[in-house]
Amino acid sequence: MGVKRKTFWSVVLMSCFIIVVAIGLSKLFISGERTNEDDFDTSQTDNSPEAGVPDSPEQPPLAQKFVQPPSNPVTLVKKRIKGMNERNIKKNLRYLTRVTHVAGTDGEEELGDWIHSRWKRAGFDKVQKKGYDALLSYPSKEPNERNKVEVLDVDEERDEYVQLFESRPEEPDPTVNNDNILPAYHAYAKPGVVTGDLIYINYCRLSDFFHLKDQNVTIEGSIAICRNGEVYRGDMTKNAVRFGCIGLLLYTEPNLVAQFYGLPQYPDGVYLPESAIQRGSLLIKDGDPQTPGYPSLEGMHRTPVKDLELPAIPVQPISQRDARVIMMRMDGGEVEGFDWFGFLPNVTYRYGPGFVNKTEKVRISVYNKLEVRKVYNIIGTIYGRSEPDRYVLLGNHRDAWAFGAIDPSGATAIMMEIADVFGSLKKKMNWRPRRTIMFCSWAAEEFGLTGSQEFMEDYGRIMSSRAVAYLNMDILVQGNFTIAASSSPNIKEAMFEAAKMVPDPDGSEMTLYDLWRERQGKEINEQPSVGTLAAGSDFASFVGQCGVSSMNAIYMPDFSQSYYTLYPLYHTRYETFHLVKNIMDPEFIYHKTMGQFYGSLLLIMSNSKILPFNCRDYSSDLANQFKILNTTHGAALAKQNIDLSHLVAVIEKLKEATKEFHRRLNFIDTSQPLEVRSANDQLMMFERAFIDPVGLPGRPFTRNVVYAHSEKSRYSTAKFPGVADTLYDLTHDESPDPALWITVKKQISIVTHAIRSAIYTLEPYHVTD
């Protein structure tokens, strides 16, 4: 794909997408020493209470205390990062994608053991394999229990249905020999068989259901068909249940299928074969469903399955090919509004209900099984030299719905290279970062961020007091145009500095930062735009539960030259090594670039004497978010006599407090360890102030009151989420509960208090004799 300058609307699309997806990381060149990728040993599982966090980091091995570090260590680390080898990343990815690795299967554990062995050989101080017992969901293995969708007609003589059509599995992939792939399904969909009339509900957003009601279309008792995109599939299911649907079908629109544009489809291009099916989880709450709020370890109480809040209807994904066959039969009025029209060939999009032939019905058969399986996080630790009790975490999940070459194995391949670089510097040169680095390979992210969530439930109290930052990787490279990122506001400047350390992968004299700024259409004195974090990847528990400053990045395509925002083969069986090696990034130069970026950022976060956080960016962002709130809802709030003056005042005080704090920071005597430690503690704890122990309304384990994912759409960020979600209910429900205005008033006061608490964290220490 050629490199073009982005248009304004391309920038807007990219920024929106980054909030939806989570992503990236990098890997570094370790000169000389590489391990045989087929030779790794399986280690014993460590389920001790200490597994997962550094033990006694203040006491490194005695011999290492007396070995001098290299004379110019930072320069050496930067050189190693810059000299990262893309061939190593390619080699790693080939190994990571040789087998399917769905969470809880032998393939996923095998890769975990491989990572464990590699990190031990890299010279890490400690590597742990920590297991959790998670309730997962899989399709039935019985030959007569295949998840499927049928079109049936009534045989009046025999009073039974006759099958007219049955959904078909995906076509085999000619590029892989290992075909041990689970059938397409949605995890946690309710098992059962339902039959009914079909209705089309666009993206299954709440607004789509309200529109359908305005069209006087019968929703209750119907089976819905919706297209992927816009909102999380779990939210789509929740909305369908709320409005009385008995089943749900999800498909991907053919604007992501090559034939629509005459562009090459897989295996010759990035576009979707018409038989491809997108998999995914429907779980709304993160972590093991049976142990909410607590780690799923032996001895913990497990809620009985019958008492769980799991999806209440059968849900099944289907291909574009099968969706077209089904929707060609539909009856009812033609859809109104451009947003409702789709691209299925020879299909007139209609609301329904039912088919032109009124005796025809749709039947969904789902035979998913719930199973408790052991899943493993792999945690590798390099102890810090000066502040071993302060942790910088870098992580990516390991599981995939099939081969997962982009989501997540591309990032894991890079993380392994970064780990080798930092490990070799410690092992061969006795270099240590100032702070402890923890490399994290999370389990079962695809099912509901399970590995990272269980880790935070297990070690949340420690992380709340010791974690400096979390750098998240997931989908890393899905284009060749420019980087894009989302983060806590205070970490933006550190990302910019890291990008300035990385050369343009296309070979110009510019840096990655210059490219980032220019291709967003920014002036030379403007900074690139950075989105805010929502959910959908492993940063969610760090930001939402503990207030740990976090980030997430991805290398993106030029949206003016592509017909997608999320790569078309997402969560399909066709996400293979072939896709990356021959189509997406043949020379692995963009993987290398993201490796250099994340490696540089990891160095900055772990080795800067003063933490590179800018609290002023937080205060500016909150001020902007208040303006949006006031513009959108100010009149309605005033009508209810809800006073915003205290919130206005405290945001203004935060602005002055952050300005004054950073002024004082310039005069700190960095030769005094106590002064440095005190300042760093204030910077680290600043974002913790936005954590409310009570949690958000209806979401006790989501506690960040200024930034969290929207309750209405998991992939969207809500600013002042307790206020925003309640206002949505008040303005969109047909008969809203007036008592919700009291909730709004309370949530505004909670946000006000949280911001006031953030000001307290920045107040100067007073030392007396």
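Is K627 buried or exposed? At 55% relative accessibility, K627 counts as exposed, because the bar for that label is over 50%. Keep in mind that what you're looking at is a predicted model. Here's a quick tour, starting with the whole protein and then zooming in on a few spots.

**The whole protein**
- The chain has 769 residues, and 60% of them count as buried.
- If you count up the secondary structure, you get 22 helices and 19 strands.
- Take the contacts with a separation of 6 or more: 81% of those are between residues 24 or more positions apart.

**K627, out in the open**
- You'll find K627 in helix α18.
- Try finding V648 too: K627 and V648 sit 21 residues apart in sequence, and their C-alpha atoms are 9.6 Å apart in space.

**N614, tucked away**
- N614 belongs to the loop that runs between α17 (589–607) and α18 (615–639).
- With a relative accessibility of 4%, N614 counts as buried, since buried means under 20%.
- So who does N614 touch? Setting aside its neighbours within four places in sequence, N614 is in contact with P489, N490, E493 and H662.
- With E493 there's also a polar contact: the two side chains are joined at 2.7 Å.

**Helices α10 and α17**
- Helix α10 covers residues 409–429, and its axis comes within 10 Å of the axis of α17, with the two crossing at roughly 50°.
- That angle makes α10 oblique to α17.
- The crossing of this pair, α10 and α17, is right-handed.
- On the α10 side, the contact is made by G410, I414, I418 and F422, while α17 brings H591, G595, Y598, G599, L602 and L603.
- Sort the residues of this α10–α17 contact by class and you get six nonpolar, four polar and no charged ones.

**Helices α21 and α22**
- Further along the chain, α21 (residues 721–732) packs with α22 (residues 740–761) at an angle of about 165°, and their axes are 9 Å apart.
- Why call this pair roughly antiparallel? The label fits α21 and α22 because their angle of about 165° is over the 145 degree cut-off.
- For α21 and α22, the crossing is left-handed.
- From α21, the contact involves G722, V723, T726, L727, D729 and L730; from α22, it's L740, W741, T743, V744, Q747 and I748.
- By class, the α21–α22 contact splits into seven nonpolar residues, four polar ones and one charged one.

Definitions and conventions. Residues numbered from 1 in each chain as written. Predicted model: local features only at pLDDT ≥ 70, side-chain atom pairs only at ≥ 80, totals over all residues. Heavy atoms only, no water. Helix = DSSP H or I, 4+ residues; strand = E, 2+ residues; numbered from the N terminus. Buried < 20%, exposed > 50% of the residue type's maximum accessible area, 1.4 Å probe, protein only. Polar contact = N/O pair within 3.5 Å; in protein donor to acceptor, adjacent residues only side chain to side chain. Contact = heavy atoms within 4.5 Å. Axes fitted to C-alpha atoms, helices over the stretch in contact; angles between N-to-C directions. Parallel < 35°, antiparallel > 145°, perpendicular 65-115°, else oblique. Left-handed = near helix turned anticlockwise from the far one by under 90°. Nonpolar A, V, L, I, M, F, W, Y, C, P; charged D, E, K, R; others polar.
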